[in-house]
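Here is a quick look at charged side-chain pairs and cysteines. Have the structure open while you read.

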2 protein chains.
Amino acid sequence: MEKTAIIVAGGSGLRMGKDIPKQFLLLAQKPILMHTIEAFFQYNPFIAIVLVLPKSQIEYWQNLCIKYNFNIPLCIAHGGETRFESVKNGLALATKGSLIAVHDGVRPFVTAETLERCYDTAQQLGNAIPVSDAVESIRQISNQGNHAVNRTEFKMVQTPQVFQWEQISKAYSQPYSELFTDDASVIESMGYQINLVEGNRENIKITTPFDLLIGEALCNH
Amino acid sequence: MEKTAIIVAGGSGLRMGKDIPKQFLLLAQKPILMHTIEAFFQYNPFIAIVLVLPKSQIEYWQNLCIKYNFNIPLCIAHGGETRFESVKNGLALATKGSLIAVHDGVRPFVTAETLERCYDTAQQLGNAIPVSDAVESIRQISNQGNHAVNRTEFKMVQTPQVFQWEQISKAYSQPYSELFTDDASVIESMGYQINLVEGNRENIKITTPFDLLIGEALCNH
């Protein structure tokens, strides 16, 4: 089955306390987003890449591509008001019938092994998302206060979340709901069971200065 | 109210893939455990520190103290088979009637602000534990498969977990149960409500090479 990757880079970077949207911040002297796209390209150069960017950032991105001599082939879709809308816009440019990965633009450390597990399992079972174990104890907040839960019952969800075309195209033709916290939850709302595969611990989402510090350490390692 | 800190360092370090127990691995050229003890001492040099160490590691620790010229005053208690037993042994050396913090020996990056929030709230309300928000989407595993949950209902638990003497001494006189995943769950099992305060994001537990890499980055920052 052909493979597509929709890379969603809609962030404004406000949590970073900086003016530059977080996906354009430098990691080892290169914008984070370029590292992320390279992770897919290095895993498999035949993956069709759709980059979703806010309309207002496209020219900035194009200038970065010239500056950094970045020329991995890709299509650009416009970001929407919500992540749901952004993914939907990306889907419109995706190869029909292919396996569709939806990935956060600020997760540059996804490994080839994680990508392989996600695409392979989705090809076999319809979908797959990478998860990791909880490293801390967990408490659940309720109206009555809070209580300890069994952390082995909980998994932390990463991306890429990969789906067969039929599942994702059907799921994203629904109206938007606030219950959609990630792509898997959109697909799940159609009644599909979600398949979990192992992610990789370094596959962090870079959204705060602390994350950027970790990212630099990973690059220098 | 007087303050005690029971610092539990019972790890064997197997997850690090190294021979040295993780609490003795070097972070910025000094054993992790020394950084952790210093965090308490620097916050307040009058806190009574009880260090819980496996009996087999005490001599090794004493040699490290000579080597690194480490001389913060503290009592040493013997580690037990379980964390529950280790904390119980630490409690036996703690100042009766004081506020008791139980802290992981491999969390060197707890800030003075987090310590202050924990001790202050425990003094007012009986107990307090530091928590942080979940940064990823969360899925819960069940017999029927897995499903997305609302991540804003979940908090990741750090240490120190601080308790008034009355609560913790009563709770640790219970028989051990496998449901005790941390100190708060032991206290909770006596019917006490647990109070959550804000932790600090860098207050990670160093248990894997990845964590150690983050730790080095934080030290060099």
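A residue counts as partly exposed when its relative accessible area falls between the buried class, under 20%, and the exposed class, over 50%. By that yardstick B:Lys170, with a relative accessible area of 37%, is partly exposed. Keep in mind that this is a predicted model.

**Salt bridges**

How many salt bridges does the structure hold over all chains? The count is 18. Let's start with B:Lys170, whose side chain meets that of B:Glu166 in a salt bridge at 3.7 Å, N to O. Both residues sit in helix H5 of chain B (residues 165-171), four residues apart, which is about one turn of the helix.

Chain A offers a pair with a longer reach along the sequence: A:Asp183 and A:Arg83 are joined by a salt bridge, 2.9 Å from N to O. That bridge links distant parts of the chain, with A:Asp183 in helix H6 (residues 183-188) and A:Arg83 in helix H3 (residues 83-92), 100 residues apart. A:Asp183 is buried, at 1% relative accessible area, while A:Arg83 is partly exposed at 29%.

Then there's A:Arg107, which forms a salt bridge with A:Asp104, their closest N and O atoms lying 2.8 Å apart. A:Arg107 is buried, its relative accessible area being 2%, and A:Asp104 is buried too, at 4%.

Here are the three pairs with their N to O values:

| Pair | N to O |
|---|---|
| A:Asp183 and A:Arg83 | 2.9 Å |
| A:Arg107 and A:Asp104 | 2.8 Å |
| B:Lys170 and B:Glu166 | 3.7 Å |

Which residues are linked with A:Arg83 in a network of salt bridges? They are A:Asp104, A:Arg107, A:Asp183 and B:Glu136. So if you're tracing the two chain A pairs above, look at them as parts of that network, which also takes in B:Glu136 from chain B.

**Cysteines**

Now for the sulfurs. A disulfide is a covalent bond between the sulfur atoms of two cysteines. The cut-off used here is a pair of cysteine sulfur atoms within 2.5 Å. By this rule the count over all chains is zero. B:Cys65, for one, is in no disulfide, and the nearest cysteine sulfur, in B:Cys75, is 13 Å away.

Why is there no bond for B:Cys75? Its sulfur is 13 Å from the closest cysteine sulfur, the one in B:Cys65, and that is too far for a bond. As for their surroundings, B:Cys65 is buried, with a relative accessible area of 14%, whereas B:Cys75 is partly exposed at 37%.

Note on methods: Residues are numbered from 1 along each chain as its sequence is written. Chains are lettered from A and ligands numbered from 1 in the order in which they are written. This is a predicted model: local features need pLDDT of at least 70, side-chain atom pairs count only at pLDDT 80 or more; totals for chains, interfaces and linings use all residues. Side-chain values use heavy atoms; hydrogens and water are left out. Buried means under 20% relative accessible area, exposed over 50%, partly exposed in between (1.4 Å probe, protein chains only). A salt bridge is a side-chain nitrogen of Lys or Arg within 4 Å of a carboxyl oxygen of Asp or Glu. Helices (H or I, at least four residues) and strands (E, at least two) are DSSP runs, numbered from the N terminus.
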